[in-house]
Amino acid sequence: MSAHGFDLDLTKPTQSGVYFVGVDDIDRLARTAARDELQVCRTDLAGCHDKDELLRRLAISLQLPATFGHNWDALADCLRDLGWMPAWGYVLLFEHADELRQAAEADFNILLGILDDAATFGDDNDMPWFAFLALPDSAFDDGHTPA
């Protein structure tokens with residue numbers, strides 16, 4: 001993360017948000033979040049090529065309630081209220097996010113919007129809420145951050 005020009009304090013709700021990071025940053029972020037006693041959820045998006053597969057993987061990795069409706073609205077609702085995983089803050093880690101971005105850009109962008117709304121909700125409620133999406137180093141070439 002710091003290699004790409006920023007450092008975050010995961011305990012500060014005001015820094016909550018959605019961030020693109022390098023592949024090598026995911027494990028360090030998981031360790032830091034665990035040290036700070038934040039709930040860590042990892043989702044591997046390798047081979048994930050559409051909304052249905054994404055929602056299925058999130059249902060498993062986030063242990064979403066059985067009532068999860070497997071649609072965007074239900075995901076947004078669940079990410080704002082993670083009551084089945086009580087914690088004082090949350091860190092969601094997405095490995096191989098570029099595979100979804102390349103295969104289903106519209107779904108990827110909707111996911112980003114939902115994650116951003118959830119992070120804003122966390123900040124508004126004084127709760128650290130972060131999502132980190134790992135992209136290959138080539139995505140950061142020439143200082144360009146993916147759209």
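## Two helices side by side

Helix 3 and helix 5 are roughly parallel to each other, a label that applies to angles under 35 degrees, while those over 145 count as roughly antiparallel, 65 to 115 as roughly perpendicular and the rest as oblique. Helix 3 covers residues 72–80 and helix 5 residues 105–124; they pack at an angle of about 30°, with their axes 9 Å apart. Here axes are lines fitted to C-alpha atoms, for helices over the stretch in contact, and angles run from 0 to 180 degrees between N-to-C directions. Helices (H or I, at least four residues) and strands (E, at least two) are DSSP runs numbered from the N terminus. The crossing of helix 3 and helix 5 is right-handed, as the near helix is turned clockwise from the far one by less than a right angle; anticlockwise would make it left-handed.

On the helix 3 side, W72, L75, A76, L79 and R80 meet D107, I110, L111, I114, L115, A118 and F121 of helix 5, where contact means heavy atoms within 4.5 Å. By class, this contact has 10 nonpolar, no polar and two charged residues. Ala, Val, Leu, Ile, Met, Phe, Trp, Tyr, Cys and Pro count as nonpolar, Asp, Glu, Lys and Arg as charged, and the others, Gly among them, as polar.

## About the model

This is a predicted model, in which local features need pLDDT of at least 70 and side-chain atom pairs count only at pLDDT 80 or more, while totals for chains, interfaces and linings use all residues. Residues are numbered from 1 along each chain as its sequence is written, and side-chain values use heavy atoms, with hydrogens and water left out.

## The parallel sheet

Now to the strands. Four of them form an open sheet in the order 1-4-3-2, with parallel pairing; two strands pair if DSSP finds at least two bridges between them. At the edges are strand 1 (17–22) and strand 2 (39–44), each pairing on one side only. From one strand to the next, the twist averages 20°.

Strand 1 runs parallel to strand 4 (residues 129–135), and six bridges join them. Y19 has F132 in strand 4 as its bridge partner. Although strand 1 is an edge strand, five of its six residues are buried (buried means under 20% relative accessible area, exposed over 50%, partly exposed in between, with a 1.4 Å probe and protein chains only). At the other edge, strand 2 pairs with strand 3 (residues 90–95) in the parallel sense over six bridges, and R42 stands opposite L93 in strand 3.

## Two buried residues

Y90 sits in strand 3 and is buried at 4% relative accessibility. Leaving aside neighbours within four places in sequence, Y90 is in contact with L38, Q39, L82, M85, M127, P128, W129 and F130.

D36 lies in the loop between helix 1 (25–35) and strand 2. Its relative accessible area is 16%, so D36 is buried too. Beyond neighbours within four places in sequence, D36 is in contact with L10, T11 and W88.

## Positive phi in two loops

Most residues other than glycine have a negative phi. Q63, in the loop between helix 2 (51–61) and helix 3, has a positive phi near 50°. Q63 counts as exposed, at 55% relative accessibility.

H96 also has a positive phi, about 60°, although it is not a glycine. H96 lies in the loop between strand 3 and helix 4 (97–103), and is partly exposed, with a relative accessible area of 39%.
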